[in-house]
Amino acid sequence: MSVEFRVEAQAGAARGGCLLTPHGQIETPVFMPVGTAGTVKAVPQDVLEELGVQILLGNTYHLYLRPGVETVRNFGGLHRFMAWPRAILTDSGGFQVFSLNELRKLTEEGVTFRSHLDGSSHFFSPENSMAVQIGLGADIIMAFDECTEYPADRARTQASMELTLRWAERSKKYFEEHKHEVPWEISGQWPVASDPQTGIPRFALNDRLEEGATQSLFGIIQGGMDLALRKESAERTIEIGFPGYAIGGLSVGEPRERTREVVEATLEHLPKDKPRYLMGVGAPEEIVEYSRLGVDMMDCVLPTRAARHGLLFTSEGKISIKQARYARDAGPLDPNCGCCVCQRYSRAYLRHLYASNEVLAQVLNTLHNLSFYLDTMRRVRHSIRLGEEFRFL
Ligand SMILES: [Zn+2]
């Protein structure tokens with residue numbers, strides 16, 4: 001078994017579905033928190049479970065550099081290494097490598113780049129991105145693509161799209177030949193930690209990993225901001241054939257209205273019976289809007305990164321907790337939020353923690369922002385199940 005996807009409810013173009021992975025079931029549309037280096041910064045894994053995170057994202061580039069794929073492989077993959085029993089998706093490393101403008105060199109074969117950590121030289125190609133992602137052992141892995149820069153003219157966008165298509169074929173070929181090398185131990189046991197109150201194991205044992213469980217490789221649609229190229233990219237990527245499709249190359253500096261237009265146009269060309277993953281968006285109102293358009297999976301560093309900078313998303317809009325106006329505010333961060341932070345602490349205390357540069361500020365702010373995103377998606381899924389139209393808040 002790799003992944004199975006079922007659409008169970010629809011409201012307009014929005015889909016409520018269920019994505020089955022070797023490490024558990026995911027209700028869609030889903031927001032995936034980003035756990036860059038094997039951690040969603042500031043939040044322990046048991047708390048992520050309590051928050052209801054069903055799948056998180058790991059970054060291949062960061063994990064490849066540190067701790068290195070061999071370390072993770074020897075643990076039986078990233079699930080075990082980071083003690084996370086639920087589903088994981090890894091990106092291909094391409095996006096990060098292409099962000100290293102000064103440090104990379106691109107050829108047909110792949111990309112040579114320098115580590116941002118120590119300047120050492122490395123090479124990523126479709127084949128070794130697959131090898132690294134197989135070693136990391138996420139449930140869903142991504143084809144190695146070139147993220148076209150913005151702005152780019154049509155010739156450049158087309159050439160970049162063609163390269164991504166050739167790399168998609170190479171990614172799939174290598175994956176099919178090597179997917180049996182995933183380091184999952186099918187009959188092995190998790191390091192079980194029991195709940196002190198109930199004695200119930202907190203980790204599900206990995207006996208859910210059925211015989212024959214495998215990773216799944218998703219393809220990525222590129223084509224820049226050109227709608228005809230997006231269509232062509234979608235059609236030719238579907239021809240190669242993947243169990244799920246991502247829309248890449250957005251949130252690269254284009255106006256938000258343009259993002260929406262490209263997403264809507266690209267979705268039209270994607271199969272209805274396969275999961276659709278929009279990479280790297282967005283703000284709370286965007287994840288709601290893209291769910292409405294028919295996106296099933298999204299990820300973004302925004303809730304966690306913004307939290308660490310004191311920027312909090314609430315039902316009453318964005319709050320910058322560092323502001324002096326909150327210094328004596330005894331009210332909760334968000335009166336409509338049921339998260340453990342809003343139930344317990346005042347805005348004044350959160351402001352104090354942030355102003356004092358306390359570690360707890362990062363923990364609590366991240367907890368609230370993640371709760372806000374996850375609750376938003378729960379409401380979206382509920383509306384879809386009821387067949388209701390929905391909008392943000
Ligand atoms: Zn809250």
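The second largest cavity encloses about 50 Å³ of space in what is a predicted model. The structure holds 2 cavities of 30 Å³ or more. Lining the second largest cavity are Val30, Phe31, Gly52, Gln54, Leu374, Met377, Arg378 and Arg381. Strand S4 (30–32) and helix H14 (359–385) each contribute at least two residues to this lining. Helix H14 provides the largest share, 4 residues.

**The largest pocket**

The largest pocket holds about 730 Å³ of space. Of the 33 residues that line the largest pocket, Asn59, Asp91, Phe95, Gln96 and Val301 are the closest to its centre. Three helices each supply at least two residues of the lining: H2 (60–65), H5 (94–99) and H11 (302–308). The largest share of the lining, 4 residues, belongs to H5.

**The zinc site**

Four protein atoms act as donors to the zinc ion: SG of Cys337, SG of Cys339, SG of Cys342 and ND1 of His368. These donors lie 2.1 to 2.3 Å from the zinc ion. The angles among the 4 donor atoms run from 99 to 116 degrees, and the site is tetrahedral. Along the chain, the donors follow the spacing C-x1-C-x2-C-x25-H. Cys337 counts as buried because its relative accessibility is 6%, and Cys339 also counts as buried because its relative accessibility is 7%.

**Helix H9 and its surroundings**

Helix H9 spans residues 256–267 and has 12 residues. From its first C-alpha to its last, H9 reaches 17 Å, close to the 16 Å expected at 1.5 Å a residue. The buried residues in H9 are Thr259, Val262, Val263, Ala265, Thr266 and Leu267. What covers these buried residues includes three strands, S11 (216–221), S12 (245–247) and S13 (276–278), together with two helices, H8 (227–240) and H10 (284–293).

One residue of strand S11 is Ile221. Ile221 is buried, as its relative accessible area is 0%. Leaving aside neighbours within four places in sequence, Ile221 is in contact with Arg230, Ser233, Ala234, Thr237, Tyr245, Ala246, Ile247, Gly248, Thr266 and Leu270. Thr266, one of these contacts of Ile221, is among the buried residues of H9. The C-alpha atoms of Ile221 and Ala155 are separated by 17 Å, and the two residues are 66 residues apart along the chain.

**The loop between S10 and H7**

Glu146 lies in the loop between strand S10 (140–142) and helix H7 (154–178). With a relative accessible area of 3%, Glu146 is buried. Its contacts, leaving aside neighbours within four places in sequence, are Phe98, Leu106, Arg156, Ser160, Leu163, Thr164, Trp167 and Gln222. Pro151 is also placed in the loop between S10 and H7. The peptide bond from Tyr150 to Pro151 is cis.

**Backbone features**

Most residues other than glycine have a negative phi, and most peptide bonds are trans. The table lists the backbone features of this model that depart from that pattern.

| Site | Feature | Angle |
|---|---|---|
| Tyr150 to Pro151 | cis peptide bond | omega near -5 degrees |
| Val281 to Gly282 | cis peptide bond | omega about 10 degrees |
| Ala83 | positive phi | phi near 55 degrees |
| Ser251 | positive phi | phi about 55 degrees |

Gly282, joined to Val281 by a cis bond, lies in the loop between S13 and H10. Ala83, which is not a glycine but has a positive phi, is found in the loop between helix H4 (78–81) and strand S6 (87–90). Ala83 counts as partly exposed because its relative accessibility is 21%, and the cut-off for buried is under 20%. Ser251 lies in the loop between S12 and H9. Ser251 is partly exposed, with a relative accessible area of 36%.

Terms used. Residues numbered from 1 in each chain as written. Predicted model: local features only at pLDDT ≥ 70, side-chain atom pairs only at ≥ 80, totals over all residues. Heavy atoms only, no water. Donors = N, O, S within 2.8 Å, 3.2 Å for Na, K, Ca; no water. Tetrahedral: all angles 85-135°; square planar, octahedral: opposite > 155°, others 65-115°. Buried < 20%, exposed > 50% of the residue type's maximum accessible area, 1.4 Å probe, protein only. Expected span 1.5 Å × (residues − 1). Contact = heavy atoms within 4.5 Å. 1 Å grid on protein atoms, 1.4 Å probe; cavity = no way out; pocket = protein on both sides within 12 Å on 5 of 7 lines; lining within 4 Å. Points joined across faces, edges and corners; volume = space filled by probe spheres on them.
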